[in-house]
Amino acid sequence: MMLLSVERGKELNALLCKIKDKLKKAWKEGSAFLPGNYGKTSYFRYRETCRIQEKMILLEGETSGKTAGMLSEIAEELSRNPLCREYEIIYAVEKKECALLRNFLRKQGMDGRIEVIEKDSVTYYKKLATAKYLVTDSAFVHIFTKREGQMYLNLSGCRFDWNEEEKKSEVNKDWNEQKGFFDADYILCPDETAMKHVINGYGLQNFAKGKIWITNVAEDDNKKLARILCENFILGETSSD
């Protein structure tokens with residue numbers, strides 16, 4: 001009787017192991033349909049099947065930090081410029097920052113013109129795949145690949161204090177940041193010092209196809225900078241000089 005119980009126990013253990021393995025496999029396969037992962041999966045589908053929306057602008061960044069004011073001013077300029085009346089303006093931030101940004105836009109009277117969306121959502125990946133104009137202060141998600149016809153402005157060159165050695169050594173380690181520079185059509189830098197650090201620190205020499213755009217605008221004059229960016233990047237052709 002004892003021997004039968006031991007054998008039965010072995011059979012049950014083997015059965016449980018099989019069930020566990022099947023559950024692991026099912027979870028692995030099903031995880032692609034979780035909200036975050038499903039969005040990443042859908043990005044490729046949207047990229048291959050959806051047309052680029054010629055009058056859609058996607059801004060992505062943070063609500064705090066050195067370039068937050070710049071992005072906010074760009075958003076305000078776009079929302080108030082009569083020439084942008086027909087453009088759809090999307091602002092993507094982390095989930096925890098959505099309420100804060102919506103409240104800010106409401107106080108500024110821009111909530112009716114700018115749609116706030118959550119990064120890593122399905123909506124975000126659709127906008128990323130189909131927006132004509134893309135603006136970010138860092139780098140888009142690592143699966144992003146710019147489509148022919150999309151225009152990508154990277155503000156990362158303005159994010160760092162290039163006089164701080166510690167900062168320069170830190171940013172050079174981020175490969176996705178480097179990819180962001182390689183993907184961009186235009187890289188915004190406040191001056192030639194920043195431009196040199198971006199080019200040398202991220203190994204862009206002779207490889208990156210994007211153009212460095214030196215603003216020569218005072219660091220705290222975000223309103224003027226936003227107007228220049230909107231007039232040249234969104235509404236006109238950026239100078240090739």
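Is Lys40 buried, partly exposed or exposed? Keep that residue in mind as we walk through this predicted model; Lys40 turns out to be partly exposed, with a relative accessible area of 24%. We will come back to its partner after a look at the overall layout.

Let us begin with the whole chain. The protein chain has 241 residues, and 42% of them are buried. Its secondary structure consists of nine helices and seven strands. Among contacts with a separation of 6 or more, 69% are between residues that sit 24 or more positions apart. As for the outside, the chain exposes about 14100 Å², and carbon and sulfur atoms supply 51% of that area.

Now turn to the strands, starting with E2, which covers residues 88-93. Five of the six residues in E2 are buried, so this strand is mostly covered, given that buried means under 20% relative accessible area. Strand E1 (residues 53-60) runs parallel to E2, and five bridges join the two. If you would like a landmark for that pairing, find Ile57, whose bridge partner in E2 is Ile89. E2 is also joined to E3 by five bridges, and this pair is parallel too. Here the landmark is Ile90, which has Glu115 as its bridge partner in E3. While you are looking at these strands, a general point may help: in a regular strand, side chains alternate between the two faces of the sheet.

Further along the chain there is another set of parallel pairings. Strand E4 (residues 131-136) is joined to strand E5 (residues 151-154) by four bridges, and the two run parallel. Val135 is paired there with Leu153 in E5. E5 in turn is joined to strand E6 (residues 186-189) by two bridges, again in parallel. In that pairing, Asn154 stands opposite Ile187 in E6.

Next, have a look at Arg113, in the loop between helix H4 (95-107) and strand E3 (114-118). Arg113 is partly exposed, with a relative accessible area of 26%. Which residues does Arg113 contact, leaving aside its neighbours within four places in sequence? They are Leu78, Ser79, Cys84, Arg85, Tyr87 and Ile89. You have already met one of these, since Ile89 is the bridge partner of Ile57. Ser79 is 34 residues away from Arg113 along the chain, yet their C-alpha atoms are separated by 5.8 Å. The Arg113 side chain also makes polar contacts with backbone oxygens: it reaches that of Cys84 at 2.9 Å, and one of its polar atoms lies 3.1 Å from that of Tyr87.

Charged pairs are the next stop. The whole structure contains 10 salt bridges. One of them brings us back to Lys40, which pairs with Asp120, their closest N and O atoms being 3.9 Å apart. This pair links distant parts of the chain: Lys40 belongs to helix H2 (residues 35-49), while Asp120 is in the loop between E3 and helix H5 (122-130), 80 residues apart. Like Lys40, which has a relative accessible area of 24% and is partly exposed, Asp120 is partly exposed, at 34%.

A second salt bridge worth finding joins Lys119 and Glu94, whose closest N and O atoms are 3.9 Å apart. Lys119 lies in the loop between E3 and H5 and Glu94 in the loop between E2 and H4, so the pair ties together parts that are 25 residues apart in sequence. Buried or exposed: how does Lys119 count? Lys119 is buried, because its relative accessible area is 14%, whereas Glu94 is partly exposed at 36%. These two residues also belong to a network of salt bridges that includes Glu60. Elsewhere, Arg47 and Glu48 form a salt bridge with an N to O distance of 3.3 Å, and Glu48 is exposed, with a relative accessible area of 60%.

Finally, move to helix H1, which spans residues 2-30 and contains Leu12. Leu12 is partly exposed, with a relative accessible area of 41%. Together with Leu15, Leu16, Ile19 and Leu23, Leu12 makes a nonpolar surface patch of about 480 Å².

Methods: Residues are numbered from 1 along each chain as its sequence is written. This is a predicted model: local features need pLDDT of at least 70, side-chain atom pairs count only at pLDDT 80 or more; totals for chains, interfaces and linings use all residues. Side-chain values use heavy atoms; hydrogens and water are left out. Patches are made of residues with over 30% relative accessible area and no salt bridge: like charges are joined within 9 Å, nonpolar side chains (Val, Leu, Ile, Met, Phe, Trp, Tyr) within 5 Å. Accessible areas come from the Shrake-Rupley method with a 1.4 Å probe; for residues, only the protein chains shown count as cover. A salt bridge is a side-chain nitrogen of Lys or Arg within 4 Å of a carboxyl oxygen of Asp or Glu. Buried means under 20% relative accessible area, exposed over 50%, partly exposed in between (1.4 Å probe, protein chains only). Contact means heavy atoms within 4.5 Å. A polar contact is a pair of N or O atoms within 3.5 Å; within protein, one must be able to donate a hydrogen and the other to accept it, and residues adjacent in sequence count only if both atoms are side-chain atoms. Two strands pair if DSSP finds at least two bridges between them.
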